Amino acid sequence: MALDQSFVGRTYPPTAPYEVGREKIREFAEAIGDANPAYVDQEAAKALGHPDVIAPPTFVFAITFQAAGQVVEDPQLGLDYSRVVHGDQKFVYTRPVRAGDRLSVTTTIEAIKSLAGNDILDIRGEVHDETGEQVVTAWTKLVSRAPEEA
């Protein structure tokens, strides 16, 4: 069953702040195999003009995808998450994520499309720090696969 088009434009409340820690950044950089010293060494980051270590660009996926959970879990939308696959991800940065940032995400449904029985859901996450400064916008595309025919 196709998702309700009236949900396009719906915005969900901001998430509780997530505090970005140096150790989390280091662990993430190590996990993805990125040895950029700005991710682990404060002095290297400062030499590049940053006040502290910065996070790799995909670091915010964890908090933006968690925020998208508000959409996924919205009972009125009726999305069957057991049929969902992650279709695409895109980030546009205003500035790098830094250790010490306290980030909140406001999630909006940008589009709902049906294609060959699949529902395609485009979700935008606006990430702001505790002062309200825009840090990054993340777009997540979820595909809810059509039920298999009996």
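## Salt bridge across the chain

Glu 130 and Arg 102 form a salt bridge, with their closest N and O atoms 3.2 Å apart. The contact joins distant parts of the chain: Glu 130 sits in the loop between β4 and β5, Arg 102 in strand β3, and 28 residues separate them. A salt bridge here is a side-chain nitrogen of Lys or Arg within 4 Å of a carboxyl oxygen of Asp or Glu. Helices (H or I, at least four residues) and strands (E, at least two) are DSSP runs, numbered from the N terminus. Glu 130 is exposed, at 58% relative accessible area. Arg 102 is partly exposed, at 30%. The cut-offs are under 20% for buried and over 50% for exposed, with partly exposed in between (1.4 Å probe, protein chains only).

This is a predicted model: local features need pLDDT of at least 70 and side-chain atom pairs pLDDT 80 or more, while totals for chains, interfaces and linings use all residues. Residues are numbered from 1 along each chain as its sequence is written, and side-chain values use heavy atoms, leaving out hydrogens and water.

## Other charged pairs

The count of salt bridges comes to 13. Side chains of opposite charge can pair when their charged atoms come close. One of the pairs is Lys 141 with Asp 122, whose closest N and O atoms are 2.6 Å apart. Lys 141 lies in strand β5 and Asp 122 in strand β4, so this salt bridge ties together parts 19 residues apart in sequence. Lys 141 is partly exposed, at 24% relative accessible area. Asp 122 is buried, at 12%. Elsewhere, salt bridges with shared partners join Arg 95, Asp 101, Asp 129 and Glu 133 into one network.

Helix α1 holds another pair. The side chains of Glu 23 and Arg 26 meet in a salt bridge of 2.4 Å, N to O. Glu 23 and Arg 26 are 3 residues apart in α1, which means about one helical turn lies between them. Both are partly exposed: Glu 23 has a relative accessible area of 42%, and Arg 26 has 29%.

## Strand pairing

Two strands pair if DSSP finds at least two bridges between them. β1 and β3 are antiparallel and share 2 bridges. Here Glu 19 has Arg 102 in β3 as its bridge partner. Arg 102 is also the residue in the salt bridge with Glu 130.

β3 also runs antiparallel to β4, joined by 11 bridges. Ser 114 stands opposite Asp 119 of β4. The β3 and β4 hairpin has 2 residues between its strands, and Ala 116 takes a positive phi near 55°.

## Helix α3

Helix α3 has 12 residues. From first C-alpha to last it reaches 16 Å, close to the expected 16 Å at 1.5 Å a residue. That expected span is 1.5 Å times one less than the number of residues.

The buried residues of α3 are Ile 63, Thr 64, Ala 67, Ala 68, Gly 69, Val 71 and Val 72. They pack (heavy atoms within 4.5 Å) against β1 (18-19), β2 (84-93), β3 (102-115), β4 (118-128) and β5 (134-144). Glu 73 lies in the loop between α3 and β2. Glu 73 is exposed, at 65% relative accessible area. Its C-alpha is 16 Å from that of Val 105, and the two residues are 32 apart in sequence.

## Aromatic contacts

Rings of Phe, Tyr and Trp (its six-membered ring) pair if their centres lie within 6.5 Å; planes under 30 degrees apart are stacked, over 60 edge-to-face, the rest tilted. The count is 3 aromatic pairs. Phe 28 and Phe 59 are edge-to-face, at 5.5 Å centre to centre and 85° between planes. The pair links distant parts of the chain, 31 residues apart: Phe 28 is in helix α1 (residues 22-32), and Phe 59 is in the loop between α2 (42-47) and α3 (61-72). Phe 28 is partly exposed, at 24% relative accessibility. Phe 59 is buried, at 8%.

Phe 91 and Tyr 93 have ring centres 6.5 Å apart and planes at 45°, so this pair is tilted. Phe 91 is partly exposed, at 22% relative accessible area. Tyr 93 is partly exposed, at 28%. Trp 139 has a charged neighbour: the charged end of Lys 90 sits over the Trp 139 ring, 4.7 Å from its centre. The rule for this asks for NZ of Lys or CZ of Arg within 6 Å of the ring centre and within 35 degrees of the ring normal.
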